[in-house]
Amino acid sequence: MPDRDPVLTGPGDLEDYFERGARPREDWGVGIEYERLGVFLDSGRAIPYHGPHSLSAILARLVARDGWRPVYAGGNIIALDGEGPRLTIEPGGQLELSGAVHTRLDDLRDEVARFTTLIQQHSEPLGITWLGLGLQPLTPLAEINWVPKPRYGLMSAHLAKTGTLGHAMMKQTAGVQINLDYSDEQDALEKFRAAMGLTSLVTALYANSPLCEARPNGYMSYRSWIWQNTDPARCGLLPFAFDPKASFSDYREYALDVPAMFILRQGAYVYLEGLTFREFIRRGFHGHQATLSDFQLHLTTLFPEVRMKQHLEIRGGDSGDPALAVSQVALWKGILYDPAALREAWELVAQLSWEERQSFHREAGRAGTEARLGKVTALDAGKRLLIIAREGLSSQGEPVELLDPLAELLEGKGVCPARLLQQRWLGEWKEDARRLVQECSRLTLKPSEVPGGSLAEDY
C-alpha cells in the first residue's frame with residue numbers, strides 16, 4: 001500500500017468517513033452501472049473468457065481499434081479505462097458499463113446508447129451478442145467459465161461457505177446499479193431510508209429473470225432470490241435504515257462487524273479468513289495492519305440492497321434492455337432528488353413493519369408486479385410511484401419521457417418484464433433460443449451523433 005495510506009488505530013478513525021462524501025446540491029450527479037450478459041448468437045449459450053470468439057477477444061478489439069486502455073491481472077485484461085467511464089468484467093463474463101457522473105439524464109442516456117452500440121459493433125463479427133436480462137437464461141451454472149480475476153477466486157471461496165447461491169450470483173446474474181449523491185448526513189439518511197423501503201417494489205417492477213436452463217424457474221426475479229441466498233451477513237435489507245434516528249455511524253458499525261473478505265498488498269490479495277473488519281483493526285492479521293484503503297475495499301464487498309460509500313448505491317433492479325435500464329436511473333432520480341417526491345414516495349411504504357418489509361422483499365422476487373404490498377398489488381403501487389417520479393423529474397427539469405419504457409409495461413401491459421418474457425418464451429417463441437437472443441439483445445437506444453469521429457471518442 002502507499003506510504004500515505006493511513007493506518008487505522010480504532011473505529012474512531014473512520015468517524016467522518018461518510019461525511020466527507022457530502023456535496024452541495026448544485027454538484028449532485030447520477031451514475032449507472034449497467035451489466036449485460038454475453039452469449040453466442042446462434043445458441044444463446046454464455047461466452048467464455050478465452051478464445052478467438054470470446055470476451056477477451058472483444059476487449060482486445062476495443063483496445064486495438066477504439067483506444068481503450070487495458071487493465072491487466074496476470075496477463076489477462078480485466079477492465080478497460082476510458083475518458084470518464086470504465087468497462088469492467090463480472091465473474092461469469094458479464095460486461096459492465098461503470099458510467100461517468102452526469103448532472104443531466106440526457107447525457108447518461110447517450111452514454112448508455114453509445115456503450116451498447118459500440119460493444120455490439122465489436123461483438124457481432126465474432127458471433128456474439130449481449131442480453132439485457134437479469135440472469136443467464138439458457139446456460140447451466142457449471143458451464144459458465146470463471147473470469148481470471150484474482151479477487152473472484154477468493155470471493156467465490158468465501159461465498160461458498162455463507163449461502164447456497166453465491167456462485168450463481170457471481171456467474172449468472174446481471175443488474176442495474178444507480179449511484180446518487182447527498183448533501184449532508186440528514187439528507188443521506190433520508191434517501192437511504194426511502195431507497196431501502198422502496199427497493200423491493202422496484203425489484204418487482206423491473207423483475208426480468210424468470211428463466212434458468214431454458215425453463216421457468218418459479219420467480220419473476222430469480223436474481224433477487226439468488227441475492228437473498230448469497231450471504232446474510234452482507235446482503236439484503238438493513239433494519240437500522242428505518243430507525244428515524246439512524247446515522248452514518250449505524251452504517252459504519254454495520255460495516256465494521258461484517259467479515260472482511262480480503263485486503264490488497266503489493267498487488268496481491270490476502271484472504272482474512274473470516275475476520276471482521278473491527279477485529280482486523282484491533283489485532284491486525286499476520287503482520288498486516290488495517291488501513292483506510294482496506295476499509296474502502298471492504299465497503300465494495302458489502303452487498304445490501306442499498307449500499308453506502310461516499311455516495312449511495314441502489315442495487316435491487318434486474319438488468320434490462322438499454323432504455324429500460326435508463327428508466328431505472330430516471331425513476332430513482334425523480335424520487336430521491338426532489339424533496340416533495342421523496343416524502344410522497346416514502347409514504348407508500350412508511351407504515352410497514354420490519355417483518356412486512358422482509359416478507360414483501362421475498363414476494364417481490366417471486367411474483368413481481370403481482371406481489372402484494374399491504375392492501376394493494378405491486379403493480380398498483382408501482383403506477384403510483386411512476387406518477388411521483390414523473391412529478392419529481394419535471395420539477396428538476398429532466399425529461400419525463402425517459403420513464404416511458406416502464407410506463408409501457410405498468411400502464412400499458414400491466415406486467416413486469418419477466419412475466420412478458422415468460423409468456424413469450426412458452427408461447428409465440430416456442431422455446432426457441434435464437435428468438436430469445438434476437439429479442440433480448442435489441443438496442444432500444446440510439447446514440448447521438450458524435451461529430452467527426454468514432455463512438456469511442458466521447459469516452
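**Close-up views of a predicted model**

At 25% relative accessibility, Arg278 counts as partly exposed (buried is under 20%, exposed over 50%, partly exposed in between; 1.4 Å probe, protein chains only). This is a predicted model, in which local features need pLDDT of at least 70 and side-chain atom pairs count only at pLDDT 80 or more, whereas totals for chains, interfaces and linings use all residues. Residues are numbered from 1 along each chain as its sequence is written, and side-chain values use heavy atoms, with hydrogens and water left out.

**View A. Salt bridge between Arg278 and Glu253.** The closest N and O atoms are 2.7 Å apart (a salt bridge is a side-chain nitrogen of Lys or Arg within 4 Å of a carboxyl oxygen of Asp or Glu). Arg278 belongs to helix 8 (residues 277-283) and Glu253 to helix 7, so the pair ties together parts 25 residues apart in sequence (helices are DSSP runs of H or I, at least four residues; strands are runs of E, at least two; both are numbered from the N terminus). Glu253 is partly exposed, at 33% relative accessibility.

**View B. Salt bridge between Asp318 and Arg223.** The N to O distance is 3.5 Å. Asp318 lies in strand 15 (residues 312-318) and Arg223 in helix 6 (residues 222-228), so the contact ties together parts that are 95 residues apart in sequence. Asp318 is buried, with a relative accessible area of 2%, and Arg223 is buried as well, at 6%.

**View C. Salt bridge between Arg109 and Asp110.** Their side chains meet at 2.8 Å, N to O. Asp110 counts as buried, at 14% relative accessibility.
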